[in-house]
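Thank you all for making the time this morning. I would like to walk you through one structure, step by step, and I will put it on the screen now.

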Amino acid sequence: MNSLQRGLVATLLASSLSGAWSQTSASNVAADDWQNSNPCPAWVSAEGASEPAAHKRWDLTLSPYTLHWQSSPEHKAVVLASLDRAAPGNRLCGLSFFSNSFGQPSTYVYVGQRWDGLMGNPNLFAKVTAGIFYGYVGQYKDKVPYNYKGFSPGIIPSLGYQFTPRDSGQVLVLGTAGLMFAYGRTF
């Protein structure tokens, strides 16, 4: 897949997501009330669960550093920005933009579950997301399992600590690749 084709695929993905977002926004809330919009598919929400509190609907996650299990001269800095929307039942959906370990622009579209209050500690939480990656292409296509033309499935577990009602630190386990350290902001 050449760079033009990859760009078209990324544009189609972004268009699909923004189209779903605008449909959800238009049908559920006023256009100026973005915090209440919900781009998550209806099947993500737990049946009968209540909507998350208004100040806990969105999470912005930023990661400036990833520790690889094995160092390689091919590895580049991994930088990530991710946006999650909480759904009823401590579930979520989201979109991440990142540079992968080989310096390629990549995305991850996912759904997940969050568990709060682990081991009796109200500040400790865990999340697991599952979705589709795009971006491991060319000579790096075999660096992720089941890669088909740059698309591959992914599951990312993480452990976090809520320092304040809005701020958290998280460690994401990237399979056999390493650990990603991140800051989260809830709004």
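Which residues form a nonpolar patch on the surface? Before I answer, please keep in mind that this is a predicted model, and that everything I say should be heard with that in mind. The patch is made of Leu-60, Leu-62 and Tyr-183, and together these residues have about 230 Å² of accessible area. Tyr-183 belongs to strand S8, which covers residues 178–186, and because its relative accessible area is 36%, Tyr-183 counts as partly exposed.

Let me turn from the surface to the aromatic rings. The structure holds seven aromatic pairs, and I will take you through two of them. In one pair, Phe-98 and Phe-133 meet edge-to-face, with 6.0 Å from centre to centre and 80° between the planes. This pair links distant parts of the chain, since Phe-98 is in strand S3 (residues 91–99) while Phe-133 is in strand S5 (residues 124–134), 35 residues apart. Phe-98 has a relative accessibility of 10% and so counts as buried, and Phe-133, with a relative accessible area of 13%, is buried too.

Tyr-108 and Tyr-110 also form an aromatic pair, but theirs is stacked, with the centres 4.8 Å apart and the planes at 25°. Tyr-108 counts as buried because its relative accessibility is 3%, and Tyr-110 is likewise buried, at 6%. What do these four residues form when they are taken together? The answer is that Phe-98, Tyr-108, Tyr-110 and Phe-133 form one aromatic cluster.

While we are on the subject of rings, there is also a contact that involves a charge. The charged end of Arg-114 sits over the ring of Phe-125, at 3.7 Å from the centre of that ring.

Next I come to the cysteines. A disulfide is a covalent bond between the sulfur atoms of two cysteines. The count here comes to one disulfide, and it is formed by Cys-40 and Cys-93, whose sulfur atoms are 2.1 Å apart. Is the link of Cys-40 and Cys-93 left-handed or right-handed? With -90° about the S-S bond, it is left-handed. Cys-40 lies in the loop between helix H1 (3–28) and strand S1 (58–68), whereas Cys-93 lies in strand S3, so the pair ties together parts of the chain that are 53 residues apart in sequence. Both Cys-40 and Cys-93 are buried.

The loop between H1 and S1 also holds Glu-51, which is partly exposed, with a relative accessible area of 35%. Although Glu-51 and Gly-89 are 38 residues apart along the chain, their C-alpha atoms are separated by 7.8 Å.

Finally, I would ask you to look at the backbone in two of the loops. Asn-90 lies in the loop between strand S2 (80–87) and S3, and it has a positive phi of about 60° although it is not a glycine. At 38% relative accessibility, Asn-90 counts as partly exposed. Met-119, which is found in the loop between strand S4 (105–116) and S5, is also a residue other than glycine with a positive phi, in this case near 50°. Because the relative accessibility of Met-119 is 77%, this residue counts as exposed.

Notes: Residues numbered from 1 in each chain as written. Predicted model: local features only at pLDDT ≥ 70, side-chain atom pairs only at ≥ 80, totals over all residues. Heavy atoms only, no water. Phe/Tyr/Trp six-rings, centres within 6.5 Å; stacked < 30°, edge-to-face > 60°. Helix = DSSP H or I, 4+ residues; strand = E, 2+ residues; numbered from the N terminus. Buried < 20%, exposed > 50% of the residue type's maximum accessible area, 1.4 Å probe, protein only. Lys NZ or Arg CZ within 6 Å of the ring centre and 35° of its normal. Patch = residues over 30% accessible without salt bridge, like charges linked within 9 Å, V, L, I, M, F, W, Y side chains within 5 Å. Areas by Shrake-Rupley, 256 points an atom, 1.4 Å probe, with all protein chains shown as cover. Salt bridge = Lys/Arg side-chain N within 4 Å of Asp/Glu carboxyl O. Disulfide = S-S within 2.5 Å.
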